[in-house]
Amino acid sequence: MSRSTPIYAAMRSIGAYVPPKILSNADLEKMVDTSDEWIVKRTGIRERHIADPDVATSDLAVEAARDAIARAGLEHEEIDLVLCATVTPDYFNMPSTACIISDKLGIRNVQAFDISAACSGFVYGLSIAKAFIESGMKRNVLLIGAEKFSSIVDYTDRSTCILFGDGAGAAVISATENRDEGIVDIHASADGSYADFLMTPAPGSVHPASCEVIEQGLQYVKMKGNETFKLAVKTLTKDVKEILEKNGIPAEKIDHFVPHQANYRIIKAVGDALKMREDQIIVTVEKYGNTSAASIPMAINDIYEEGRLRYGDLMLLDTFGGGLTWASALLPFAGKN
Ligand code: COA
């Protein structure tokens, strides 16, 4: 490929993995003051998968990544950039989970780093992969969203412990000269003035690890659920309308609307605002809960494995998460079935 030929970034494959253990709403009823009825009605979630204590985020990521690389028809040594979106890294400071994943996959001597954008991490990562590929710096990017979210959940707090699950999704984003295969557009944004809507207060430079931190439970995720919910609906509706309008694509032309899987009511509200048909909207929240950065690639993998995702299908992704961050993307699937 000569440098004068325009290069586009194409999603060549998808893969995902969830740990086998299931935490059902009935299990949660025994742990906190909640009910299956309340959880299903307010969130749409019925169960989520939880990793064993000796399983790390990188272990989940490696399983998803192996499938994605194989489905892209690549050898591991053809990957030249490894990105891992996560807020539950193997180690909080260093090394990055992307470095651990690279080592476990036998991908050595290539750039590897983590992306911290909470639930928006995978779509943020897509924009990074696109930029690296279109500039000619990289050819095959392994992009992973992986979370062992259970490691930061307080299972005595009913307002958060019902929501989250563990899992990983991965995609290979590769260079192509075929414009029709390329990512069409990505919006990614943030507003740090809402930082306290969704956060883990420790450990970090503000609250380094200490006995007090543990006693106060500052290592657990805290969320202003209702405020976050309202802002998510408003922001996402505006963002997806903008990306569709900007690219002159009417909502009915989208084959698969793949929203972040946080709460069925948020998905439904945004889908309704876009006048999406039910068959266009991908919903997996009932079986996985909110898996943060893993949720979008896991949902794409679900429709891939069901045989519903075909080469050339147009996807609209949208996501919202801690930061606050949000992002949307328009892209065709450019993988083999
Ligand atoms: N079981 C039973 N009752 C519960 C409960 C649970 N698991 N969790 C909270 N409640 C109670 C609250 O204590 C409150 O009781 P009160 O009225 O007596 O004070 C009541 O239910 C309503 O709480 P509220 O927080 O207003 O409920 P909600 O309708 O907003 O639903 C969430 C709560 C968390 C499901 C919802 O706000 C949500 O999904 N938020 C956004 C999540 C998100 O998008 N995150 C960003 C991306 S990761």
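Which residue's side chain does N290 join in a polar contact of 3.3 Å? In this predicted model, the partner is H260, and the contact runs from side chain to side chain.

N290 sits in a loop. The loop lies between helices α10 (285–288) and α11 (295–305). The relative accessibility of N290 is 6%. Buried means under 20%, so N290 counts as buried at this value. The side chain of N290 also meets the backbone. One of its polar atoms lies 2.8 Å from the backbone nitrogen of S292. Residues up to four places away in sequence aside, N290 touches C119, L163, F164 and G165. H260, Q261 and A262 are also touched by N290. H260 thus appears both in this set of contacts and as the polar partner of the N290 side chain.

Elsewhere, the model contains an open sheet of 5 strands. The strand order is β1-β7-β6-β4-β5, and the pairing is mixed. Strands β1 (8–17) and β5 (111–115) form the edges, each pairing on one side only. On average, neighbouring strands of the sheet are turned by 20 degrees against each other, direction ignored.

At the β5 edge, the partner strand is β4 (residues 81–85). These two strands run parallel and are joined by 5 bridges. One bridge pairs V82 with A112 of β5.

Helix α3 (residues 57–71) lies across three strands of the sheet: β1, β6 (140–147) and β7 (167–176). The helix runs at about 125 degrees to β1, which is an edge strand.

Technical notes. Residues numbered from 1 in each chain as written. Predicted model: local features only at pLDDT ≥ 70, side-chain atom pairs only at ≥ 80, totals over all residues. Heavy atoms only, no water. Pairing = 2+ DSSP bridges. Helix = DSSP H or I, 4+ residues; strand = E, 2+ residues; numbered from the N terminus. Axes fitted to C-alpha atoms, helices over the stretch in contact; angles between N-to-C directions. Contact = heavy atoms within 4.5 Å. Buried < 20%, exposed > 50% of the residue type's maximum accessible area, 1.4 Å probe, protein only. Polar contact = N/O pair within 3.5 Å; in protein donor to acceptor, adjacent residues only side chain to side chain.
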